[in-house]
Amino acid sequence: MAERIESSVQNLWQEVRELSLGTPPHIDHLPTPPTPLQFLRHYVTPNKPCLISAAVPHWPALSLWRSATYLRTTLSTTSVSLHLTPTGKADSLAPHPTSPSALCFASAHQQNDCFRSEYGALAGDCEEHIPWASEALGCSPEAVNLWVGNHLSETSFHKDHYENLYVVITGEKRFLLLPPTDVHRMYIREYPAAQYCYHQDSGECTLELEDPIACVPWCSVDPYPLPEEKQREVEKFPLYFNGPKPFEVTVKAGEMLYLPSMWFHHVRQSPDETGLTIAINYWYDMQFDIKYAYFKFLQSISHSLSNDLEWCETRNVESSFDRSFNNSGDESDIIVSQADGDTSNSEE
């Protein structure tokens with residue numbers, strides 16, 4: 001019986017791609033934004049991503065935010081949050097601070113509606129919401145966030161309980177995407193939570209466990225292991241490395257990615273000639289409907305290849321994930337890499 005269930009789960013990975021994403025499976029690339037009805041019918045309802053060119057050609061941000069002088073002048077009297085990591089990675093796994101052979105979940109940022117709460121001086125350079133999306137979804141964004149980073153910025157695989165409209169202003173973002181049905185391939189496990197703490201006197205960051213100890217369910221897979229570690233990672237996570245390839249999407253300046261709720265995504269980026277990548281995203285509340293119930297049921301099914309490792313697979317942790325990290329996002333809003341002192345955003 002277990003083998004039949006596991007075979008059915010693995011067949012599901014391919015069937016979802018063929019039935020929902022075409023043959024061969026692909027992410028739709030639209031030349032212009034869809035109408036509200038098209039967006040709802042063809043993308044939101046089937047939980048299907050799309051990339052939109054010429055998404056926001058009328059935004060002054062596309063030209064103004066390329067100038068560091070403009071940003072410094074406009075924000076000269078504004079206090080903003082700064083989130084620090086030693087490597088540019090945030091919301092990712094890192095060596096445990098007291099047991100280096102183990103891992104912990106290292107958090108460096110908060111998704112806190114930072115654009116509306118801290119960057120009001122820039123509000124006139126873009127829209128407060130995406131009109132056709134707001135009409136289709138029947139609501140305004142729950143949060144709007146600004147992301148600023150450099151070439152070191154990276155965010156590990158995760159998912160969000162939001163309909164995410166992600167607009168790149170400068171530079172490029174490179175997404176790896178997997179549908180929610182691939183949940184077993186992410187090897188979600190519980191890791192002790194920690195945060196980076198910056199010490200002004202030394203200019204260094206340290207990783208400190210939360211007190212009291214708390215655990216966070218997080219994806220274990222690194223899709224870009226070092227060459228000398230690749231074989232070990234393949235052996236640890238065969239469902240990911242030997243399964244269907246993730247979708248690769250590059251979002252360029254002026255383009256928008258619709259990232260449906262519960263899609264797993266990993267993000268890297270390339271800066272523009274100024275050394276920065278800037279993006280803004282709009283989080284709309286997802287509908288906790290029958291699709292969410294199906295996902296929870298699928299996640300509760302055990303898969304032996306996802307269990308046969310030194311850790312136990314975390315199942316039925318969705319409720320704690322909702323409570324503690326329902327807002328975990330693509331990237332931190334502003335993260336400074338201590339490696340070279342550049343501003344570094346992890347992405348999403």
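This report describes aromatic pairs, charges over rings and the contacts of one threonine in a predicted model.

## Aromatic pairs

A search of the whole structure finds twelve aromatic pairs. One of them joins W65 and F115, whose ring centres are 6.2 Å apart and whose planes stand at 50° to each other, so that the pair is classed as tilted, a term kept for angles that are neither under 30 degrees nor over 60. This pair links distant parts of the chain, since W65 belongs to the loop between α3 (61–64) and α4 (68–74), while F115 lies in helix α5 (residues 114–118), 50 residues apart from its partner.

Both partners can be placed by their accessibility: W65 counts as buried because its relative accessibility is 2%, and F115 counts as buried because its value is 5%, where buried means under 20%. Elsewhere, ring pairs bring F39, W132 and Y258 together into a cluster.

## Charges over rings

Two arginines are placed over aromatic rings. The charged end of R185 sits over the ring of W13, at 5.5 Å from the centre of that ring, and R268 lies over the face of Y224, where the distance to the ring centre is 3.8 Å.

## The surroundings of T85

T85 is found in strand β3, which covers residues 83–85, and with a relative accessibility of 0% T85 counts as buried. The side chain of T85 reaches two backbone nitrogens, that of T87 at 3.4 Å and that of G88 at 2.7 Å.

Key:
Residues are numbered from 1 along each chain as its sequence is written. This is a predicted model: local features need pLDDT of at least 70, side-chain atom pairs count only at pLDDT 80 or more; totals for chains, interfaces and linings use all residues. Side-chain values use heavy atoms; hydrogens and water are left out. Rings of Phe, Tyr and Trp (its six-membered ring) pair if their centres lie within 6.5 Å; planes under 30 degrees apart count as stacked, over 60 as edge-to-face and the rest as tilted. Helices (H or I, at least four residues) and strands (E, at least two) are DSSP runs, numbered from the N terminus. Buried means under 20% relative accessible area, exposed over 50%, partly exposed in between (1.4 Å probe, protein chains only). A charge sits over a ring if NZ of Lys or CZ of Arg is within 6 Å of the ring centre and within 35 degrees of the ring normal. A polar contact is a pair of N or O atoms within 3.5 Å; within protein, one must be able to donate a hydrogen and the other to accept it, and residues adjacent in sequence count only if both atoms are side-chain atoms.
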